[in-house]
2 protein chains.
Amino acid sequence: MFSQAEENYLKAIYALEEKLQKNISTNILASKTQTKASSVTDMLKKLAIKQLITYKKYQGVQLTKTGKDAALIVVRKHRLWEYFLVNKLNYGWDEVHDIAEQLEHIKSETLIDRLEKFLKSPKFDPHGDPIPDKDGKIMRIKTVNLLELKVGQKGVLDNLKDSSDEFLKYLNKKNLALRDRIKVIDIEPFDNSIHIETKTHQLVISKKVAGNLNIKI
Amino acid sequence: MFSQAEENYLKAIYALEEKLQKNISTNILASKTQTKASSVTDMLKKLAIKQLITYKKYQGVQLTKTGKDAALIVVRKHRLWEYFLVNKLNYGWDEVHDIAEQLEHIKSETLIDRLEKFLKSPKFDPHGDPIPDKDGKIMRIKTVNLLELKVGQKGVLDNLKDSSDEFLKYLNKKNLALRDRIKVIDIEPFDNSIHIETKTHQLVISKKVAGNLNIKI
DNA sequence: AATATAATTTAGACAAGGCTAAAAATATAA
DNA sequence: TTATATTTTTAGCCTTGTCTAAATTATATT
Ligand SMILES: [Mn+2]
Ligand SMILES: [Mn+2]
Ligand SMILES: [Mn+2]
Ligand SMILES: [Mn+2]
């Protein structure tokens with residue numbers, strides 16, 4: 001079994017690999033894990049010894065098959081717990097991250113599979129992110145970034161590039177939720193802000209915000 | 001906030017105080033926490049500095065008000081999670097201890113109260129132990145040890161003195177469960193074994209087993 | 001190609017929480 | 001009331017995971 005710290009690093013490396021599609025650097029990992037580069041280096045050595053990553057000094061790291069499998073289990077646990085917190089304990093989607101961050105480390109051979117069954121095997125977490133199955137298999141949905149839509153095009157808000165509590169609170173305030181149908185009314189060329197329409201209201205969002213919204217056409 | 005280790009010590013001291021009704025010695029605490037006496041001494045110093053226990057060298061310890069309150073919160077969390085595991089995830093009462101031992105340490109201002117609400121505020125855990133409320137208040141039920149019953153007397157199995165997985169598995173095997181109605185058929189003077197009858201069957205239990213069964217008359 | 005800057009690693013330290021072995025205090029027994 | 005046994009504490013060490021400061025390597029810029 002892996003320690004809580006090891007699991008957090010594995011998950012962080014996994015997330016960064018998904019996003020950046022290349023070797024993950026010490027500094028990026030340090031900022032993601034809220035630690036210092038020197039601490040990261042220490043941990044990378046340990047993970048390398050355990051064959052969870054391939055690590056050559058100064059070259060960044062990548063997960064091995066074993067490491068990726070381990071990371072996917074943590075991701076699975078994190079997202080199933082998030083689903084539990086939102087759908088059973090009535091938390092908002094902007095309130096569950098820190099708690100899931102702890103729950104994902106509970107050690108048990110059976111717990112997470114029983115939880116999954118209890119939740120009726122949800123396929124996506126409250127932020128639209130796919131929940132890996134027992135074998136680490138992920139259901140991927142094709143989406144495009146809202147920035148890529150042209151005026152007049154429509155789609156459904158499927159997931160977010162940024163699931164930080166701050167961004168989620170922004171979406172709450174603007175009354176935007178997953179599965180909302182969104183239509184592009186106008187694109188302002190000056191600052192690339194986008195005028196959109198949902199079933200219930202219209203609003204203008206900045207380029208930055210739009211870049212965090214992934215749409216299923 | 002307290003560390004996981006601190007919480008485990010507080011809970012252990014609390015449990016021993018309930019059982020022994022006196023100052024708790026280093027050695028007893030060491031065996032309860034599966035550590036060495038020297039490690040216990042170290043931790044006791046830390047807890048004393050934090051005013052969670054009163055500690056005078058060689059004299060054993062007892063919880064302060066603050067310490068007891070903290071311990072009761074951990075007990076509350078432990079028992080609510082056990083209830084969740086048994087009643088929502090369908091675990092057996094002999095399978096939940098280790099998992100609850102971890103879940104009880106999840107840090108959140110709101111989680112345990114939401115869990116309690118979701119579970120509809122159960123008052124007892126799967127082993128018949130009372131679940132402290134938000135303020136640490138415990139509902140105590142008057143019970144007598146099965147050893148104190150005379151031939152012919154009846155009662156209901158309410159809770160256990162020993163809730164170890166081993167003893168729970170023994171009870172499973174013998175088809176004895178909480179809330180079973182039990183009647184004393186005969187007491188064997190030679191070894192104090194007790195012949196009992198439930199709604200469904202009869203059996204003979206040893207003095208040792210009987211001593212772990214608390215009965216509500 | 002040499003130099004300046006940025007990224008990464010190393011060296012050394014620290015806190016938490018554990019251990020063993022030895023010393024000290026307390027309890028028990030002769 | 002000594003002597004012995006038991007319990008508890010102290011001293012010193014270890015591992016994990018973190019840090020700062022210094023050294024090293026890689027990258028960017030002249
Ligand atoms: Mn985590
Ligand atoms: Mn999520
Ligand atoms: Mn615990
Ligand atoms: Mn219990």
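User: A polar contact here is a pair of N or O atoms within 3.5 Å. With that in mind, what lies 2.6 Å from a polar side-chain atom of Ser39(A)?

Analyst: This is a predicted model, and in it that partner is a phosphate oxygen of DNA strand D.

User: And which strand has a phosphate oxygen 2.9 Å from a polar side-chain atom of Thr41(B)?

Analyst: That is DNA strand D as well, with Thr41(B) placing a polar side-chain atom 2.9 Å from one of its phosphate oxygens, while for Tyr9(A) the corresponding distance to a phosphate oxygen of strand D is 3.5 Å. The elements that contribute two or more residues to the surface near this strand are α1 (4-20) and α3 (37-49) in chain A, along with α2 (26-32) and α3 (37-49) in chain B.

User: Which element gives the most to that surface?

Analyst: That is α3(A), which supplies 5 residues to the surface near DNA strand D. Of the 21 residues around the strand, those that come nearest are Ser3(A), Ser38(A), Ser39(A), Tyr55(B) and Lys57(B).

User: What's the make-up by class?

Analyst: The surface near DNA strand D has 9 polar, 7 nonpolar and 5 charged residues. On the DNA side, 71% of the strand D atoms within 4 Å of the protein belong to sugar or phosphate, and the rest belong to bases.

User: Switching to the metals, what are the protein donors of the manganese ion (ligand 2)?

Analyst: They are Glu82(A) through OE, Asp125(A) through OD and His127(A) through ND1, lying 2.1 to 2.3 Å from the ion. Glu82(A) belongs to helix α4 (residues 65-87) of chain A and His127(A) to the loop between α6 (111-118) and β3 (144-145), so this pair ties together parts that are 45 residues apart in sequence.

User: Are those two buried or exposed?

Analyst: Glu82(A) counts as buried at 2% relative accessibility, and His127(A) is buried too, with a relative accessible area of 3%.

User: Now chain B: which residues hold the manganese ion (ligand 4) as donors?

Analyst: The protein donors there are Glu82(B) (OE), Asp125(B) (OD) and His127(B) (ND1), at 2.2 to 2.3 Å from the ion, and their spacing in sequence is E-x42-D-x1-H. Glu82(B) sits in helix α4 (residues 65-87) and Asp125(B) in the loop between α6 (111-118) and β3 (144-145) of chain B, so the pair links parts that are 43 residues apart in sequence. Glu82(B) is buried, with 2% relative accessible area, and Asp125(B) is buried, with 4%.

User: Last one: what domains does the assignment give for chain A?

Analyst: The domain assignment gives domain 1 (4-63) and domain 2 (144-216), and the C-alpha centres of these two domains of chain A lie 32 Å apart.

Notes
Residues are numbered from 1 along each chain as its sequence is written. Chains are lettered from A and ligands numbered from 1 in the order in which they are written. This is a predicted model: local features need pLDDT of at least 70, side-chain atom pairs count only at pLDDT 80 or more; totals for chains, interfaces and linings use all residues. Side-chain values use heavy atoms; hydrogens and water are left out. Donors are N, O and S atoms within 2.8 Å of the metal (3.2 Å for Na, K and Ca); water is not among the atoms, so sites may look incomplete. Helices (H or I, at least four residues) and strands (E, at least two) are DSSP runs, numbered from the N terminus. Buried means under 20% relative accessible area, exposed over 50%, partly exposed in between (1.4 Å probe, protein chains only). A residue is near a molecule or strand if one of its heavy atoms lies within 4 Å of it. A polar contact is a pair of N or O atoms within 3.5 Å; within protein, one must be able to donate a hydrogen and the other to accept it, and residues adjacent in sequence count only if both atoms are side-chain atoms. Ala, Val, Leu, Ile, Met, Phe, Trp, Tyr, Cys and Pro count as nonpolar, Asp, Glu, Lys and Arg as charged, and the others, Gly among them, as polar. Domain bounds come from an automatic or database domain assignment.
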